[in-house]
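Hello,

Here is the structure I promised to pass on. Please open it and keep it in view while you read. My notes follow below.

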Amino acid sequence: MCHNHITGQVPGSVCKLKNIKIFDLAYNFLEGELTNCFRMPNLYFLQLSHSRFSGEFPLRLPGIRSLTFLDLAFNNIHPRNFHGALPVWIGDMESLRYLQLSHNFSYGDIPLNITNIDSLQYLNNLAGNNISGSIPWPL
């Protein structure tokens, strides 16, 4: 459903999609907070970039340990949109291979446990954020 003109919020019925493997809503006009109900054990591809999500990064994304691709970039239309510290749960994503979080209003340090993701092959830039501190070794 990417590259459309879908507006509004991601409906709560998304929480019922237990068998979905690919969820791509990028390049739409979705807004509101990112739902905290992603309990999709088979989900391996989550693409929610280039929208208008607001609120802080979710404190956790439970039930998606199989995730290999995560792109939440370019949700920074306005400073009150997607913001907050980079979430520590990223380091718990053992299968993650691709991570893109650029151009949000993120702040703070890069979570140290991100270096625990042995499968991570592509950490796209974190540009357009307000990241501080040192780069964790061995990034």
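Start with Asp 71, which is found in strand S6, residues 69-71. Keep in mind that this is a predicted model. Is Asp 71 paired with an opposite charge, or does it have no salt bridge? Asp 71 has no salt bridge, although it is buried. The nearest side chain of opposite charge belongs to Arg 97, and that is 15 Å away. A salt bridge needs a side-chain nitrogen of Lys or Arg within 4 Å of a carboxyl oxygen, so Arg 97 does not qualify.

What lies around Asp 71 instead? A polar atom of its side chain is 3.0 Å from the backbone nitrogen of Ala 73. Set aside the neighbours within four places in sequence, and Asp 71 is in contact with Leu 46, Gln 47, Leu 48, Ser 49, Tyr 98 and Gln 100.

Take Ser 49 from that list. Ser 49 sits in the loop between strand S4 (45-47) and S5. Its relative accessibility is 1%, so Ser 49 counts as buried. Not counting residues up to four places away in sequence, Ser 49 touches Ala 26, Tyr 27, Asp 71, Leu 72, Ala 73 and Asn 75. Asp 71 and Ala 73 are both among them.

Now the aromatic rings. How many aromatic pairs does a search of the whole structure find? It finds three. In one pair, the rings of Phe 69 and Tyr 98 have centres 4.3 Å apart and planes at 5°, so they are stacked. This pair links distant parts of the chain. Phe 69 is in strand S6, Tyr 98 is in strand S8 (residues 98-100), and they are 29 residues apart. Both Phe 69 and Tyr 98 are buried.

Tyr 98 also pairs with Tyr 122. Their ring centres are 4.7 Å apart and their planes stand at 10°, so this pair is stacked. Tyr 98 lies in S8 and Tyr 122 in strand S10 (residues 122-123), so the pair ties together parts that are 24 residues apart in sequence. Is Tyr 122 buried or partly exposed? Its relative accessibility is 39%, so Tyr 122 counts as partly exposed. Add Phe 45, and you have the whole group: Phe 45, Phe 69, Tyr 98 and Tyr 122 form one aromatic cluster.

Next, the sheet that holds S6, S8 and S10. Five strands form this open sheet, in the order S2-S4-S6-S8-S10. The pairing is parallel. Strand S2 (22-24) and S10 are at the edges with a single partner strand each, so one side of each has no neighbour in the sheet. S8 and S10 pair in the parallel sense over two bridges. In that pairing, Leu 99 stands opposite Leu 123 in S10.

There is another open sheet. It has three strands in the order S1-S3-S5, again with parallel pairing. Which strands are at its edges? They are strand S1 (7-8) and strand S5 (52-54), and each pairs on one side only. S1 pairs with strand S3 (residues 29-33) over two bridges, in the parallel sense. Thr 7 stands opposite Phe 29, and Gly 8 stands opposite Leu 30. On to S5: three bridges join S3 to S5, and these two strands run parallel. Here Glu 31 stands opposite Arg 52.

One more residue deserves a look. Glu 94 lies in the loop between strand S7 (83-85) and S8. Its relative accessible area is 59%, so Glu 94 is exposed. Leaving aside neighbours within four places in sequence, Glu 94 is in contact with Arg 65, Ile 117 and Ser 119. Glu 94 and Ile 117 are 23 residues apart along the chain, and 5.5 Å separates their C-alpha atoms.

Last, the whole protein. What does its secondary structure come to? It has zero helices and 11 strands. Of its 139 residues, 46% are buried. Now take the contacts with a separation of 6 or more. Residues 24 or more positions apart account for 54% of them.

Best wishes

Note on methods:
Residues are numbered from 1 along each chain as its sequence is written. This is a predicted model: local features need pLDDT of at least 70, side-chain atom pairs count only at pLDDT 80 or more; totals for chains, interfaces and linings use all residues. Side-chain values use heavy atoms; hydrogens and water are left out. Two strands pair if DSSP finds at least two bridges between them. Helices (H or I, at least four residues) and strands (E, at least two) are DSSP runs, numbered from the N terminus. Buried means under 20% relative accessible area, exposed over 50%, partly exposed in between (1.4 Å probe, protein chains only). Lys and Arg count as positive and Asp and Glu as negative; His and the chain ends are not counted. A polar contact is a pair of N or O atoms within 3.5 Å; within protein, one must be able to donate a hydrogen and the other to accept it, and residues adjacent in sequence count only if both atoms are side-chain atoms. Contact means heavy atoms within 4.5 Å. Rings of Phe, Tyr and Trp (its six-membered ring) pair if their centres lie within 6.5 Å; planes under 30 degrees apart count as stacked, over 60 as edge-to-face and the rest as tilted.
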